[in-house]
Amino acid sequence: VQTSEAEEAAMHRALVLAETVRGATSPNPPVGAVILAPDGTLVGEGATAPAGGPHAEVVALAEAGDLARGATAVVTLEPCAHTGRTGPCTTALLDAGIRRVLYAVDDPNPEAAGGADVLRTAGVEVVSGLQCDAALEGALRPWLFAVSTGRPFVTWKYAATLDGRAAAADMSARWISSALSRADAHAIRSDVDAIVVGSGTVLADDPHLTVRDVHGNLAARQPLRVVLDRRHRSPQDARIFDSAAETVILDTAVPRFALKALFDRGVRHVLLEGGPTLAGAFVEARCVDEVVAYFAPTLLGSGPSALGDAGIGTLGDAVTLDVETVTRVGPDVKIVARPVWGAPTGGES
Ligand SMILES: NC(=O)c1ccc[n+]([C@@H]2O[C@H](COP(=O)([O-])OP(=O)(O)OC[C@H]3O[C@@H](n4cnc5c(N)ncnc54)[C@H](OP(=O)(O)O)[C@@H]3O)[C@@H](O)[C@H]2O)c1
């Protein structure tokens, strides 16, 4: 099936719309949708509203109103066919008189899948796979990973000196990277559902773990703050216990169980922010899906390394990563990379 230039542009727009709601929709996926009149004019657009609110298709249809009759819907994810907190999108599209639906990625969620078949059966022309690769790498990536594995996508973020130290030997260096890198790292927080640290970081740094703007004002939506703290060592007056955001303490010793507990709470994307001990445990459990590292052009020569013991004793067992991007952030170098996990080893939970 041929797609027009207007339809390709509409999918590009839908992917941009999806980016705008990253971190704001879980447990629902961040989706973008555009409605095109038969002559290719954009008559409506939308993105997924926070959970319990309308899905992207419904937002875009509302904007299009009567102009949706006979129109084409361009959506980043297969329209859902199930009734969750809102009705099926397939019904909304049919009721609005949509004649053609183009989407990028099939819905892997067994509860919601089958939307394309419902639409086809009702006589709608359906095209799947439009700009699929871009969609798989975009806002949907963590959500798709989470629903197909049953645990949240984990981004491990850290800052280190050029010799890989996450802190000074005397633990004095609270900030390793530049203010620009910290602002960059801060922006990642607004894209995730939960920020995870170990009790060691709470004790050493007393972090706030909130999303703030450049003026220090708290954002309206805050990720869940999570401390893995098996011995309940986090002090009661720690900043993570203030009212700025919700906080949970998990005392499980197994990262996979902690992640499953977070998934069950609707978390689809986790930002692992520290420190080296917990990062080592997550790497050992193969529970790191993306690495974001900020390297400051400084040397320490002592102090804990960014990654603690991950159970790797020989070079042959080293974790290999695919580097996605290398950029300069002020004086620092930022590397985004993806671990390449081989076949699972025995004895894993
Ligand atoms: N440069 C950076 O990006 C960065 C980021 C964060 C922190 N840091 C630095 O790192 C230092 C703190 O290091 P850290 O390694 O002590 O911090 P951490 O990794 O945040 O905390 C370690 C603690 O987490 C708890 N924990 C809970 N579940 C665990 C599990 N499954 N496996 C392992 N540990 C688990 C353990 O305490 P329990 O036994 O009590 O549960 C452990 O001692 C500070 O100096 C801080 O400034 C640097």
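Helix 8 gives the ligand shell its largest share, five residues. Keep in mind that this is a predicted model. The shell counts 25 residues around the ligand, and the protein covers a good part of the ligand's surface, as the contacts below lead up to. Helix 9 gets its own group at the end.

**Who lines the ligand**
- Helix 8 spans 199–205, and it is joined by strand 6 (153–161), strand 10 (269–274) and helix 10 (276–284); each of these supplies at least two residues of the shell.
- By residue type, the shell breaks down into twelve nonpolar, seven polar and six charged.
- Coming nearest to the ligand are Ala159, Thr201, Arg230, Gly275 and Thr277.

**Polar contacts and cover**
- Ala159 uses its backbone: an N or O atom there sits 2.7 Å from a nitrogen atom of the ligand.
- Ala166 also brings in a backbone N or O atom, at 3.0 Å from a ligand nitrogen.
- With Thr201 it's the side chain that takes part, with an N or O atom 2.6 Å from an oxygen atom of the ligand.
- On its own the ligand has 920 Å² of accessible area, and the protein covers 88% of that.

**Helix 9**
- In helix 9, which runs over residues 255–264, the buried residues are Pro255, Ala258, Leu259, Leu262 and Phe263.
- Why do these residues end up on the same side of helix 9? They cover an arc of only 140° around the axis, so they share that side.
- Just past the end of helix 9, Gly266 adopts a positive phi of about 95°.

Definitions and conventions:
Residues numbered from 1 in each chain as written. Predicted model: local features only at pLDDT ≥ 70, side-chain atom pairs only at ≥ 80, totals over all residues. Heavy atoms only, no water. Near = heavy atom within 4 Å. Polar contact = N/O pair within 3.5 Å; in protein donor to acceptor, adjacent residues only side chain to side chain. Areas by Shrake-Rupley, 256 points an atom, 1.4 Å probe, with all protein chains shown as cover. Helix = DSSP H or I, 4+ residues; strand = E, 2+ residues; numbered from the N terminus. Nonpolar A, V, L, I, M, F, W, Y, C, P; charged D, E, K, R; others polar. Buried < 20%, exposed > 50% of the residue type's maximum accessible area, 1.4 Å probe, protein only. Arc of directions from axis to C-beta.
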